[in-house]
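Here is a short note on side-chain contacts, for you to read with the coordinates open. Please check each point against the model.

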Amino acid sequence: MIEEGSKSSKSMVEKRQLFMEMRAQNFDVIRLSTYRTACKLRFVQKRCNLHLVDVWNMIEAFRDNGLSTLDHNAEINVSRLETILSSIFYQLNKRLPTTHQINVEQSIGLLLNFIVATYDSEGHGKLTVFAMKAMLATMCGGKILDKLRYVFSQISDSNGVMVFAKFDQFLREVLKLPTAVFEGPSFGYTEHSVRTCFPQQKKILLNTFLDVLMADPPPQCLVWLPLMHRLANVENVFHPVECSYCRSESMMGFRYRCQQCHGYQLCQSCFWRGHASGPHSNQHQMKEHSSWKSPAKKLSHAISKSLGCMPIGEPPHPVFPEAAERPQDLAHTTTLESPSRLDEEHRLIARYAARLAAEASNSTQCPPSDLSFNFDANKQQRQLIAELENKNREILQEIQRLRLEHEQASQPTPEKAQQNPTLLAELRLLRHRKDELERRMSALQESRRELMVQLEGLMRLLKAQTGTSPHSSPSHSASCTMPMPIRSTSAGSTPTHTPQDCLAGVGDDVLDAFSQGVPRNLRNDLLVAADSITNTMSSLVKELHSVDDGLEEEEENMRNGREKTESE
């Protein structure tokens, strides 16, 4: 008797463990019932590790455990419920890395006790299939859109139209969750819950169902459901903003901005508890922010909005086809749940084995004529394959030979280059002559540069002489000496020279201009000398071009001769 009493007390402690941990979180200090309910259910979801199970994994678990073929009103006992939960969490551990494994036994115990306390408060030890599906599909992880689509598939008929009686049953089951976390007065089930969601009796399709339940705001009885998903999305969101009440330098989670008080912002802890300071009041309208934008992003957003460059807002959910999707036929799926079904599977395997054995015996009893015909056909096919392989091999060899010949023809050998020594000798002579003309041209360019320097000195000397004695005679101007530094090529020259010394290396026209006593136009004479130098340079360039043309002709002749020899 003492042992039985200790076991019963231990089971009671396990059943109440989750609720005691939830009370220790002190969620009741949250002022608004919507946030309070969402926070409690989020705590249950995380504590039971349901947030790690996606809704699609949950649907797969329903199918693997044979729940898809059962009626919604069918009842299952607690032991089978425990088996289903075990398969869900063991499959979850297979998907998780080894460093993030969960305690499966603890998760199963916590969730099983919560489901029993929620849906079997009278202690019958049974609950309906629909109640378990609604609870697990609502409390698991994943997108709210996918969850609502699955819920609609369970409460609609074959034409894709919602059945109001089934939706009423769904609300009856799902609203037991707020009641289980002691929020029944705010979000408990009433007879008018369906009318608050769909006031008018009309044909409700999938898109209408999603529009109503995902609206902003959603129906009052289910307002905690989208808030629970928003809580999961903003748990790790960081806001580098100071709270106006607790003065914390940053925020995590939601951020709330007052619409009346300029720059007044509260963290989610202060807002949920109803804290206010200064001129701010709890009656002011607050805007909830689930992310933080930098001032630069806000400015660009405002500019884009003012210029009309903002993209068109996307709908809250994609538009699905109105026609109902054809459900999968799961009536013939094989499940290993009872000895009778195992026997059926063994009989099916035996039937297939007998059919294969009969086909094999029929194939062995074929007449000899058919066997010979098949043998001849196979022999012809093998011969054809061999012939094709030989042809393919010959084609590959021919391609390789042509490739080698092309490579040899494209690379000239030294023997071909030495076939015409006369052309090679003429080519060398022309190149030698070209090099000599290029050296001569460079020498003439250097002489031209020196002449230009000397002419520039003479012009400066002439200008200086005309400036000192504007009325003197040409003979007097020619006989006077003016010191002028001029660059010279000789090492023993003095830094000053007379104009006659400066005329060394200049043409006869310039010498006559300085030696004669009669006045002459010296500028014209200098221009004539420059023209003669330019003419000499142009003639030299023409000769150099003629040499280049000769080289090109010789190279063309050599190329033609080489092509002729190759063709021969």
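Is Glu 173 buried or exposed? Glu 173 is buried, at a relative accessible area of 9%. Keep in mind that this is a predicted model. The points below go through charges, rings, surface and cysteines.

1. **Glu 173 and its partner.** Glu 173 makes a salt bridge with Lys 176. The closest N and O atoms are 3.6 Å apart. The cut-off for a salt bridge is 4 Å, so the pair counts. Lys 176 is partly exposed, at 29% relative accessibility. The bridge thus joins a buried Glu 173 to a partly exposed Lys 176.

2. **Salt bridges overall.** The count comes to 13 salt bridges. Side chains of opposite charge can pair when their charged atoms come close. The next three points take up some of these contacts.

3. **Glu 21 with Arg 47.** The side chains of Glu 21 and Arg 47 form a salt bridge, at 2.6 Å from N to O. Glu 21 belongs to helix 1 (residues 2-24) and Arg 47 to helix 2 (residues 33-47). The pair therefore ties together parts that are 26 residues apart in sequence. Glu 21 is partly exposed, at 23% relative accessibility. Arg 47 is partly exposed too, with a relative accessible area of 23%.

4. **Glu 288 with Arg 230.** A salt bridge joins the side chains of Glu 288 and Arg 230, at 3.2 Å from N to O. This pair links distant parts of the chain, 58 residues apart. Glu 288 sits in strand 7 (residues 286-289), and Arg 230 in helix 13 (residues 224-233). Glu 288 is partly exposed, with a relative accessible area of 26%. Arg 230 is partly exposed at 36%.

5. **A network of charges.** Which residues are linked in a network of salt bridges? They are Asp 28, Arg 36, Lys 40 and Glu 183. Inspect these four side chains together.

6. **Aromatic pairs.** How many aromatic pairs does the structure hold? The number is 15. One of them is formed by Phe 152 and Phe 209. Their centres are 5.2 Å apart, with 45° between the planes, and the pair is tilted. Phe 152 lies in helix 7 (residues 144-155) and Phe 209 in helix 12 (residues 206-213), so the contact ties together parts 57 residues apart in sequence. Both Phe 152 and Phe 209 are buried.

7. **A second partner for Phe 209.** Phe 209 also pairs with Phe 167. Here the ring centres are 6.0 Å apart and the planes stand at 90°, so the pair is edge-to-face. This contact links distant parts of the chain as well: Phe 167 is in helix 8 (residues 164-174), Phe 209 in helix 12, 42 residues apart. Phe 167 is buried, at 0% relative accessibility. Phe 209 is buried with a relative accessible area of 0%.

8. **The cluster.** Phe 152, Phe 167 and Phe 209 belong to one aromatic cluster, which also includes Phe 164, Phe 170 and Phe 198. View this cluster as a unit when checking ring geometry.

9. **Charges over rings.** Arg 16 lies over the face of Phe 19, 5.6 Å from the ring centre. Arg 23 lies over the face of Phe 182, at 4.6 Å from the ring centre.

10. **A nonpolar patch.** Which residues make a nonpolar surface patch of about 290 Å²? They are Ile 395, Leu 396 and Ile 399. Ile 399 lies in helix 17 (residues 368-410). Ile 399 is partly exposed, with a relative accessible area of 41%.

11. **Cysteines.** The count comes to zero disulfides. Why does Cys 246 have no bond to Cys 243? The sulfur of Cys 246 is 3.4 Å from that of Cys 243, its closest cysteine sulfur, and this is too far for a bond. The cut-off is 2.5 Å. Cys 267 gives a similar picture: its closest cysteine sulfur, in Cys 270, is 3.5 Å away, too far for a bond. Cys 246 is partly exposed, with a relative accessible area of 37%, whereas Cys 267 is buried at 10%.

How values were computed
Residues numbered from 1 in each chain as written. Predicted model: local features only at pLDDT ≥ 70, side-chain atom pairs only at ≥ 80, totals over all residues. Heavy atoms only, no water. Buried < 20%, exposed > 50% of the residue type's maximum accessible area, 1.4 Å probe, protein only. Phe/Tyr/Trp six-rings, centres within 6.5 Å; stacked < 30°, edge-to-face > 60°. Helix = DSSP H or I, 4+ residues; strand = E, 2+ residues; numbered from the N terminus. Lys NZ or Arg CZ within 6 Å of the ring centre and 35° of its normal. Patch = residues over 30% accessible without salt bridge, like charges linked within 9 Å, V, L, I, M, F, W, Y side chains within 5 Å. Areas by Shrake-Rupley, 256 points an atom, 1.4 Å probe, with all protein chains shown as cover.
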